[in-house]
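Dear colleague,

Please find below the structure that I am handing over to you. I would be grateful if you could look through it before reading the notes that come after it.

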Amino acid sequence: MQYRSTRGKVHGLSFSDAVMMGLAEDGGLLIPASIPKVDLSEKPYPELARHIFEQFAPGLPWTDFIARAYSKAKWPRGVAPLTKLGRHHLLELYHGPTYSFKDVALQLLGELFEHLLQARDDSMNILAATSGDTGGAAIYGVRGRERINIFVMHPKGRISRVQELQMTSCLEPNVFNLAVETDFDGCQQLLKELSSDLEFKRRYRLGAVNSVNWARVLAQTVYYFHAWHQLGSPDTIGFCVPTGNFGDVLAGWYAAQMGLPVERLVVATNDNDILARFFQTGVYRRGPAVATLAPAMDIQVASNFERYLWYRLGDDPLRDFSSAGEIRVEGGDPLWRAGRASREDILGTIRETYERHGQVIDPHTAAAVSVAQSFEEPLVCLATADPMKFPEAVTEALGHTPAFDRPGFEGLPTRCFTLKARSQDLREFVASAVDTKTPPPG
Ligand SMILES: *Cc1c(COP(=O)(O)O)cnc(C)c1O
């Protein structure tokens, strides 16, 4: 299987090259040259995963990767258990090491990176910016691995305490947490500046773990099949997915192209509803960015959307977006529906789900469950984070703090470096940590 860019200037990459490249060098996203059909017979999760990965990337030691990434020790309740919620279901994807669905992809990506770097006798320095969940999941994917350092910037004092402690309590010498004196956009700006400095990028072999990486989307296709098997392989199935960067729901769309009988894909957004508006009107136009109770979905321009649009519009589908401020796509696809959950919807749904079903859900999952309520047809709602990661919102919704069944991180020793929001300071930090194995003082 070969990989190509959505902008048409990068072709013929192997799976391994696509994983190492992350974002295509022409600025596009890497996609498979074709989408193979997969065998729909029921299999345990590890075998299902291996079968799917082999269609897209034959010849890698998938059995070993999967055994390590999805071990019982890391996922004590399994990778994607399904529970009933009235006429709908919850697909619980948050039982991994950092209690968010991002572990499904990032645990596997850690294995892949290490293997590929060993084969190439190379090393890599991952630079990431996080508003909360990605950073923790990425750190847990690569902590303690040889040949990889990871530098994760978070906006100082602006992420939840659980998210901060989860990252900073990783003391491995290859993990560098950077509390940057700016907001999340400021962190992303720094990441962009260093990644577009090609000389620095090559010299320090900067790598990326954000959801533009094809391996992340591929890893997420597996649980769509697994959910269908757990329901007894019905004639059709529908999903409702809390959406930010469009990586998770796109994996569901790929699963449908691979032969899973998906009849409905519902995109659930919070007040940042650019994608919900697109699927309702065919017009893709930026709105104001607002902070919500579901911060991992506070995204206006979703990077993975370009992958989907390529299948609708062809090469460089967002070419006119920045100049025109919007694009229009004619003709809908009956597979898609969309809805938006307001702050009140999210809080009300957390409360109702607890009162009716005795289940505590997090604000992102609540956005999906809220949108699913307006559908008569049964849907599988993807549950993307453990509620214990968002205790403030859950407490506000319920009027009390429930007994979370996960341990917290209070009292653990931490390691974190404070940085001014200046790209030169970041360059010096990375250079010093990589060249001398010690971060600069201060
Ligand atoms: C990242 C994240 C999402 C959004 O997923 P996308 O793939 O970016 O659409 C939803 N919920 C939680 C808890 C997340 O961490």
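The notes below take the ligand site, a pocket and several individual helices and loops in turn. Please keep in mind throughout that this is a predicted model.

**The ligand site**

The ligand is surrounded by 15 residues, and the closest of them are Lys102, Asp133, Gly244, Asn245 and Thr384. By character, this shell consists of six nonpolar, six polar and three charged residues.

Several backbone atoms come within a short list of distances from the ligand's oxygen atoms. A polar backbone atom of Asn245 is 2.7 Å from an oxygen atom of the ligand. For Asp248, a backbone N or O atom lies 2.9 Å from a ligand oxygen atom, and for Gly247 the corresponding distance from a backbone N or O atom to an oxygen atom of the ligand is 3.2 Å. Taken alone, the ligand exposes 390 Å², and the protein buries 97% of that area.

Where in the chain is Asn245 found? Asn245 belongs to the loop between strand 9 and helix 10. With a relative accessible area of 26%, Asn245 is partly exposed, a value that counts only the protein chains as cover. Between Asn245 and Ala255, which are 10 residues apart along the chain, the C-alpha atoms are separated by 18 Å.

Phe246 also lies in the loop between strand 9 (237–242) and helix 10 (247–257). Is Phe246 buried or exposed? Phe246 counts as buried, because its relative accessibility is 1% and the cut-off for a buried residue is under 20%. The backbone of Phe246 deserves a second look: its phi is near 70°, a positive value in a residue other than glycine.

**The second largest pocket**

The second largest pocket has a volume of about 270 Å³. It is lined by 15 residues, of which Ile148, Asn149, Pro173, Asn174 and Lys437 are the closest to its centre. Three elements give two or more residues to this lining: strand 5 (124–129), strand 6 (148–155) and helix 17 (423–436). The lining residues of the second largest pocket divide into six nonpolar, four polar and five charged.

Ile126 is found in strand 5. Its relative accessible area is 0%, so Ile126 is buried. Ile126 and Ile148 are 22 residues apart in sequence, and their C-alpha atoms are 7.2 Å apart in space.

**Helix 9 and the loop after it**

How many of the 17 residues of helix 9 are buried? In helix 9 (residues 214–230) the number is 16, so this helix is largely enclosed by the rest of the structure. Helix 9 is followed by Gly232, which has a positive phi, near 85°.

Thr236 is placed in the loop between helix 9 and strand 9. Its relative accessibility is 40%, so Thr236 counts as partly exposed. Thr236 and Phe65 are 171 residues apart along the chain, and 31 Å separates their C-alpha atoms.

**Helix 12 and the loop after it**

Helix 12 spans residues 305–313, and its buried residues are Phe305, Glu306, Arg307, Tyr308, Leu309 and Trp310. Just after helix 12, Gly314 takes a positive phi of about 90°. Asp316 is located in the loop between helix 12 and helix 13 (321–324). Phi of Asp316 is near 50°, again a positive value in a residue other than glycine.

**The loop between helix 7 and helix 8**

Asp197 sits in the loop between helix 7 (184–195) and helix 8 (198–203). Asp197 has a relative accessible area of 23% and is therefore partly exposed. Asp197 and Val212 are 15 residues apart in sequence, while their C-alpha atoms are 19 Å apart in space.

**Points to look at when you open the model**

- The loop that holds Asn245, together with the contact of 2.7 Å between a polar backbone atom of Asn245 and an oxygen atom of the ligand.
- The positive phi of Phe246 and that of Asp316.
- The second largest pocket, with Ile148 and Lys437 among the residues closest to its centre.
- Helix 9, with 16 of its 17 residues buried.

With kind regards

Key: Residues numbered from 1 in each chain as written. Predicted model: local features only at pLDDT ≥ 70, side-chain atom pairs only at ≥ 80, totals over all residues. Heavy atoms only, no water. Near = heavy atom within 4 Å. Polar contact = N/O pair within 3.5 Å; in protein donor to acceptor, adjacent residues only side chain to side chain. Areas by Shrake-Rupley, 256 points an atom, 1.4 Å probe, with all protein chains shown as cover. Nonpolar A, V, L, I, M, F, W, Y, C, P; charged D, E, K, R; others polar. 1 Å grid on protein atoms, 1.4 Å probe; cavity = no way out; pocket = protein on both sides within 12 Å on 5 of 7 lines; lining within 4 Å. Points joined across faces, edges and corners; volume = space filled by probe spheres on them. Helix = DSSP H or I, 4+ residues; strand = E, 2+ residues; numbered from the N terminus. Buried < 20%, exposed > 50% of the residue type's maximum accessible area, 1.4 Å probe, protein only.
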